[in-house]
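Please open the structure in your viewer and keep the sequence beside it, since each stop on this tour begins with a selection. Take the stops in order, and look around each one before moving on.

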Amino acid sequence: MSDSSRTLDDLRTFIKSSAGVDSQQRMKFYDSWAETYEQDVQMINVRAPNLGVDFLNGNFSGNREEVQVLDVACGTGLVAKLMVELGFKHFVGVDGSQGMLDQAAKTGLYKELKLALLGTEPLPAQTGTFDVVIITGALDSGFAPVSVVRELCNAAKPGGFVCMSRGDHSGTAASEYKKDLERELQLMEEEGLWSPAGLNQTDRYMEDPHLSSERVKELPAEERYISGTVYLYKKSIHSN
Ligand SMILES: C[S@@+](CC[C@H](N)C(=O)[O-])C[C@H]1O[C@@H](n2cnc3c(N)ncnc32)[C@H](O)[C@@H]1O
């Protein structure tokens, strides 16, 4: 769909239509959303890229102009657009939706854009290559599976950062995903692969797209939001 005059109600209905789809269907969903994605997400105040980028930036002390950034599930390129404003220059993007990658290409910010369905195909990145690996808005049930987190760590250089921003969507699958994710993050810490470099919890990750329009009208603005977390890890210097 490339309807630039979508209303908030239309958008909520559109997003709900993707609930419970498998990963192949989800990529088709994003292909169909790509053209209007950026203007649509503004309507529901999606803050995933801003939260991830700001938290990373506040904890980063390297030379921004030199570092190599891998933007995983890059979508239309919102992360690179924010990071370039902060002085970062070198980006490689990966996404499972060709439609989203086509939009990312239009930014002119990525030196490479790679198509890969994470969880089914390996992350297309060499071991120990990136100073920063970032993923925003794609660690969830029906998106990138928890197993991808090890691949993110693998792609980082020893001493490099892995930054992950995600929202607490409602439902059993989403809460199971969060538990599994946090167990995996902890396990990787115990294995000496990385150590935590920061955690940022927010009450305002994005407006809940699954609320009915009636409920939205009843709720004060601040209660329409779902919470979220940014996890920041530093890869062990002894790891690969
Ligand atoms: C909510 S968007 C976030 C995009 C971007 N990171 C941002 O914050 O603006 C989720 C993105 O993840 C991608 N995605 C979801 N599951 C994926 C998977 N298993 N493999 C590759 N990409 C995936 C979608 O194609 C989409 O571009």
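Begin by selecting F55, which in this predicted model is a buried residue with a relative accessible area of 17%. The value counts as buried because the word is used here for anything under 20%. If you colour the chain by its helices and strands, you will find F55 in helix α4, which covers residues 48–58.

Which residues is F55 in contact with, once its neighbours within four places in sequence are left aside? Show the side chains around F55 and you should be able to pick out G198, L199, N200, V230 and L232. For a contrast, select F29 as well and draw a line between the two C-alpha atoms: F55 and F29 are 26 residues apart along the chain, and their C-alpha atoms are separated by 29 Å.

**Two backbone stops**

Next, select N45, which sits in the loop between α3 (37–43) and α4. N45 is not a glycine, and yet its phi is positive, at about 50°. With a relative accessible area of 30%, N45 is partly exposed.

Move on to A73, which belongs to the loop between β1 (68–72) and α5 (78–85). A73, too, has a positive phi without being a glycine, in this case of about 55°. Keep A73 selected, as it leads to the next stop.

**The ligand**

Now show the ligand together with the residues around it, of which there are 20; A73, D95, G96, L118 and T136 are the ones that come nearest. Sorted by character, this shell holds 14 nonpolar residues, five polar ones and one charged one.

Where do polar atoms of D95 and the ligand approach each other? Look at the side chain of D95, where an N or O atom is 2.6 Å from an oxygen atom of the ligand. The side chain of T136 also has an N or O atom at 2.6 Å from an oxygen atom of the ligand. At G96, by comparison, you should look at the backbone, for there an N or O atom lies 3.1 Å from a nitrogen atom of the ligand. If you then switch on a surface, bear in mind that the ligand taken alone exposes 590 Å², and that the protein buries 97% of that.

**R166 and its surroundings**

Leave the ligand and select R166, which is found in strand β5. Is R166 buried or exposed? At 1% relative accessibility, R166 counts as buried.

Display the residues in contact with R166, again without its neighbours within four places in sequence, and a long list appears: L139, D140, A174, Y177, K178, L181, Y205, G228, T229 and Y231. Within this group, look at L139, whose backbone oxygen lies 2.8 Å from a polar atom of the R166 side chain.

**Salt bridges**

Side chains of opposite charge can pair when their charged atoms come close. Stay with R166 and add D140, since the side chains of these two residues meet in a salt bridge, 3.4 Å from N to O. This pair links distant parts of the chain, with R166 in strand β5 (residues 156–167) and D140 in the loop between β4 (130–136) and α7 (148–155), 26 residues apart. D140 is buried, with a relative accessible area of 10%.

Then select K178 and D168, whose side chains form another salt bridge, with 3.1 Å from N to O. K178 lies in helix α8 (residues 172–190) and D168 in the loop between β5 and α8, so this pair ties together parts that are ten residues apart in sequence. K178 is partly exposed, with a relative accessible area of 21%, and D168 is partly exposed with a value of 21% as well. Select D140, R166, D168 and K178 together, and you have a network of linked salt bridges on the screen.

For a last stop, go to E112 and K114, where the side chains meet in a salt bridge of 3.7 Å from N to O. Here E112 counts as partly exposed at 39% relative accessibility, while K114 is partly exposed with a relative accessible area of 26%.

How many salt bridges are there by this rule? The count comes to 14, among them the pairs E112 with K114, R166 with D140 and K178 with D168.

Methods
Residues are numbered from 1 along each chain as its sequence is written. This is a predicted model: local features need pLDDT of at least 70, side-chain atom pairs count only at pLDDT 80 or more; totals for chains, interfaces and linings use all residues. Side-chain values use heavy atoms; hydrogens and water are left out. A salt bridge is a side-chain nitrogen of Lys or Arg within 4 Å of a carboxyl oxygen of Asp or Glu. Buried means under 20% relative accessible area, exposed over 50%, partly exposed in between (1.4 Å probe, protein chains only). Helices (H or I, at least four residues) and strands (E, at least two) are DSSP runs, numbered from the N terminus. A residue is near a molecule or strand if one of its heavy atoms lies within 4 Å of it. A polar contact is a pair of N or O atoms within 3.5 Å; within protein, one must be able to donate a hydrogen and the other to accept it, and residues adjacent in sequence count only if both atoms are side-chain atoms. Accessible areas come from the Shrake-Rupley method with a 1.4 Å probe; for residues, only the protein chains shown count as cover. Ala, Val, Leu, Ile, Met, Phe, Trp, Tyr, Cys and Pro count as nonpolar, Asp, Glu, Lys and Arg as charged, and the others, Gly among them, as polar. Contact means heavy atoms within 4.5 Å.
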